[in-house]
Amino acid sequence: MKTKKIPMRMCLGCGEMKPKRELIRVVKSKEGDISLDLTGKKSGRGAYICKSVECFEKARKARKFEKSFSCMISEDIYNSMEGELRENE
């Protein structure tokens, strides 16, 4: 019997490789909207962070999302994503 390969992704905050299901996807849509994708099903460019606010803060401080998506991200978007992350923690 063949064992199924677990997809691994790197957290932008801590830099650790973790199974995809343990991380939260941040997605940039074709329209340029950036949001948390808690289902992992939204279409667009994705980046991953741990389910902790600390990792989100590290990635935000180091501008990892902006580098990953090649665009500027406003404080309003960061604040709404942080609020959504705190609700789901």
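**View 1. Arg86 and its partner Glu82 in helix 3.** At 48% relative accessibility, Arg86 counts as partly exposed. In this predicted model, its side chain meets that of Glu82 in a salt bridge, with N and O 2.7 Å apart. Both residues sit in helix 3, and their separation of 4 residues is about one turn of the helix. Glu82, in contrast to its partner, counts as buried, with a relative accessibility of 12%.

**View 2. Arg60 meets Glu82.** Here we follow Glu82 to another salt bridge, this one with Arg60, where the closest N and O atoms are 3.0 Å apart. The contact links distant parts of the chain, since Arg60 is in helix 1 and Glu82 in helix 3, 22 residues apart. Arg60 counts as buried, at 15% relative accessibility.

**View 3. Arg60 meets Glu75.** Arg60 also forms a salt bridge with Glu75, at 2.5 Å from N to O. Arg60 belongs to helix 1 (residues 53-61) and Glu75 to helix 3 (residues 75-87), so this pair ties together parts that are 15 residues apart in sequence. Glu75 is partly exposed, its relative accessible area being 46%.

**View 4. The linked salt bridges.** Put the previous views together and a network of salt bridges appears, linking Arg60, Glu75, Glu82 and Arg86. A search of the whole structure finds 5 salt bridges.

**View 5. A positive patch on the surface.** Lys4, Lys20, Arg21 and Lys41 form this positive surface patch. One of its members, Lys41, is found in the loop between strand 4 (34-37) and strand 5 (45-50). Lys41 counts as exposed because its relative accessibility is 71%, and the cut-off for exposed is over 50%.

Key: Residues numbered from 1 in each chain as written. Predicted model: local features only at pLDDT ≥ 70, side-chain atom pairs only at ≥ 80, totals over all residues. Heavy atoms only, no water. Patch = residues over 30% accessible without salt bridge, like charges linked within 9 Å, V, L, I, M, F, W, Y side chains within 5 Å. Areas by Shrake-Rupley, 256 points an atom, 1.4 Å probe, with all protein chains shown as cover. Salt bridge = Lys/Arg side-chain N within 4 Å of Asp/Glu carboxyl O. Lys, Arg positive; Asp, Glu negative; His and termini not counted. Charge placed at Lys NZ, Arg CZ, Asp CG, Glu CD. Helix = DSSP H or I, 4+ residues; strand = E, 2+ residues; numbered from the N terminus. Buried < 20%, exposed > 50% of the residue type's maximum accessible area, 1.4 Å probe, protein only.
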